[in-house]
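Visitor: I have the model open on my bench screen. Walk me through the terms used for it, and show me what backs each one.

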Amino acid sequence: MPRRVPQQDVSSLATLAVRLFDCRNQTSALAAGLTDADATVQSMADASPTKWHLAHTTWFFEEFVLAPYAPGYRPVNAQFRYLFNSYYDAVGPRHPRPLRGLLSRPTLVEVADYRQRVDDALGGLLRGSLPQPALELLELGIQHEQQHQELLLTDVLHLFAQNPLRPVYREAREADGTGTAPESEWIDFPGGQFEVGHAGPGFAFDCERPRHAVVLAPYRLANRLVTNQEWIEFMVDGGYRAPQLWLSDGWGRVQAEHWRAPLYWEERDGAWWQMTLTGDRPVEPGAPVSQISYFEADAFARWTGARLPTEYEWEVAARAQPIAGRFASAGRWRPSPVLLDVQAPLRQVYGDVWEWTASAYSAYPGFKVAAGAVGEYNGKFMCGQYVLRGGSCATAAGHVRSTYRNFFYPHQRWQFAGLRLARDRT
């Protein structure tokens, strides 16, 4: 649940309505061009069909905003509460996650109609006055839908990667970076006591709070992300065959799932190719490596004699950086090589790929779960996962900040996840 947003953060219901429907329209735009089959198939248990994302984000507003705050509102279809609830146990039973791809009905057209009818009801609600809790839930709903926009893209990529025809989701805009990356440099950061976590005005998820003090030893961060070319060198040197580089659970995954390259990479006639949202294409040497697990990132860092940064090291270093980068709005649909004309000490801090950190996803000191079903949003997942920072080429622009905490299980690979190296200063 977000913190209580002061009234001045939501200047008017009209402004909130513009943001809400811009977000809703963007989700629909991301699904444009997909067939009903494209939008229905589920390629693995971790991924969800596009149709389900479209419906679930709509159900979220229906369940948490319209039902309690729109007098006399009746759900579009009472069965949708079962079909499109994700993980809110307090709401009631739900369709099993691994079986979402079996939902051939409702059709994509019917889901589009569902979205329109809920949007119409939201529009009517926003023409009146609303209490502060409703405003907060509308803001949470926008942020929640932006998260699903990214999942929609990563799930489509996983689906299309299973198809031998290698479908193209979108044509890309021209690259704005160089094909090769400059030599990585180390940037020094001082140790000391720092305040981390969200405080002050603006939205933040519950897991970003409360703000608290941490002590950091002096450290160094690489000024750019690890590239595909550097990853190929790791592979050539036997990185996927050296158990001493890997955590035990990671080595077990390497053996059991036959990892030998990042997800979506395929070797053909001695050259590496990569499936992307823009279709099958040669691996770009200077682009950031992506679709790697925490286990792979940790092994690569150990191979270099470095380590992954903690999430606190990343946050302290990143908060002086402008929140600018290649997000989904850039329309490139894949990680891009570093821009050489950027003058900031750290490059590629935001956008391109999420950066794995060495920090387990756990509660900050003083964290409290919000009351009600929305209290299940983040807190119940604080076990067994690792924190990623920074956003990716599939993240909605304006969605991230220096305190933003993404999280995934250490074996998961289908997200746009890469790494930046860190070292202790001695």
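Guide: Start at the second largest cavity. Helix α6 (residues 132–161) gives the largest share of its lining, three residues. Keep in mind that this is a predicted model.

Visitor: Why is the second largest cavity called a cavity and not a pocket?

Guide: In a cavity a 1.4 Å probe fits but cannot get out, whereas a pocket is an open set of points. The second largest cavity has a volume of about 50 Å³. Its lining consists of Asp38, Val41, Gln42, Ser43, Ala47, Ser48, Pro49, Thr50, Asp155, Val156 and Leu159.

Visitor: What makes up that lining, by class?

Guide: Five residues are nonpolar, four are polar and two are charged. Asp counts as charged, and Asp38 and Asp155 are both in the lining.

Visitor: How many cavities of 30 Å³ or more are there in the whole structure?

Guide: The search finds five. The largest holds about 110 Å³ of space. Its lining has 17 residues, and Gln274, Thr276, Ser290, Arg334 and Pro335 lie nearest the centre. Two elements give two or more residues to that lining: β6 (271–276) and β7 (279–282). The largest share, three residues, is from β6. By class, the lining has nine nonpolar, five polar and three charged residues.

Visitor: Which residues lie nearest the centre of the largest pocket?

Guide: They are Tyr87, Arg97, Leu151, Phe407 and Phe408, out of 33 lining residues. About 880 Å³ of space lies in this pocket. At least two lining residues come from each of α3 (50–69), α6 and β12 (406–408). Helix α6 supplies the largest share, six residues. The lining has 13 nonpolar, 13 polar and seven charged residues.

Visitor: What makes Arg115 and Glu145 a salt bridge?

Guide: The cut-off is a side-chain nitrogen of Lys or Arg within 4 Å of a carboxyl oxygen of Asp or Glu. The side chains of Arg115 and Glu145 meet at 3.0 Å, N to O. The pair therefore qualifies as a salt bridge. Arg115 belongs to helix α5 (residues 108–125) and Glu145 to helix α6, so the contact ties together parts that are 30 residues apart in sequence. The structure holds 28 salt bridges.

Visitor: How do you know that β1 and β4 pair?

Guide: Two strands pair if there are at least two bridges between them. Four bridges join β1 to strand β4 (residues 219–222). The two strands are therefore paired, and they run antiparallel. One bridge to look at has Ile187 with its partner Leu221 in β4. Helix α10 (residues 311–318) packs on the sheet, where it touches β1 and β4. Its direction makes about 75° with that of β4.

Visitor: What makes β1 and β14 edge strands?

Guide: Each pairs on one side only. The open sheet has three strands, in the order β1-β4-β14, with antiparallel pairing. The edges are β1 (186–189) and β14 (422–424). From one strand to the next, the twist averages 25°.

Visitor: What is the strand order in the open sheet of four strands?

Guide: The order is β12-β11-β10-β13, and the pairing is mixed. β12 and β13 (417–418) are at the edges with a single partner strand each, so one side of each has no neighbour in the sheet. Strand β10 (residues 354–360) pairs with strand β11 (residues 386–389) in the antiparallel sense, over three bridges. Ala360 stands opposite Tyr386 in β11, and Trp356 stands opposite Leu388. Leu388 also has Asn406 in β12 as a bridge partner. Three bridges join β11 to β12, which run antiparallel.

Visitor: How many residues lie between β5 and β6 in their hairpin?

Guide: Two residues lie between them. Asp269, in the turn, has a positive phi of about 50°. Strand β5 (residues 265–268) and β6 run antiparallel and are joined by four bridges. The cut-off for pairing is at least two bridges, so these strands count as paired. Across the hairpin, Glu266 stands opposite Trp273 in β6.

Key
Residues numbered from 1 in each chain as written. Predicted model: local features only at pLDDT ≥ 70, side-chain atom pairs only at ≥ 80, totals over all residues. Heavy atoms only, no water. 1 Å grid on protein atoms, 1.4 Å probe; cavity = no way out; pocket = protein on both sides within 12 Å on 5 of 7 lines; lining within 4 Å. Points joined across faces, edges and corners; volume = space filled by probe spheres on them. Axes fitted to C-alpha atoms, helices over the stretch in contact; angles between N-to-C directions. Contact = heavy atoms within 4.5 Å.
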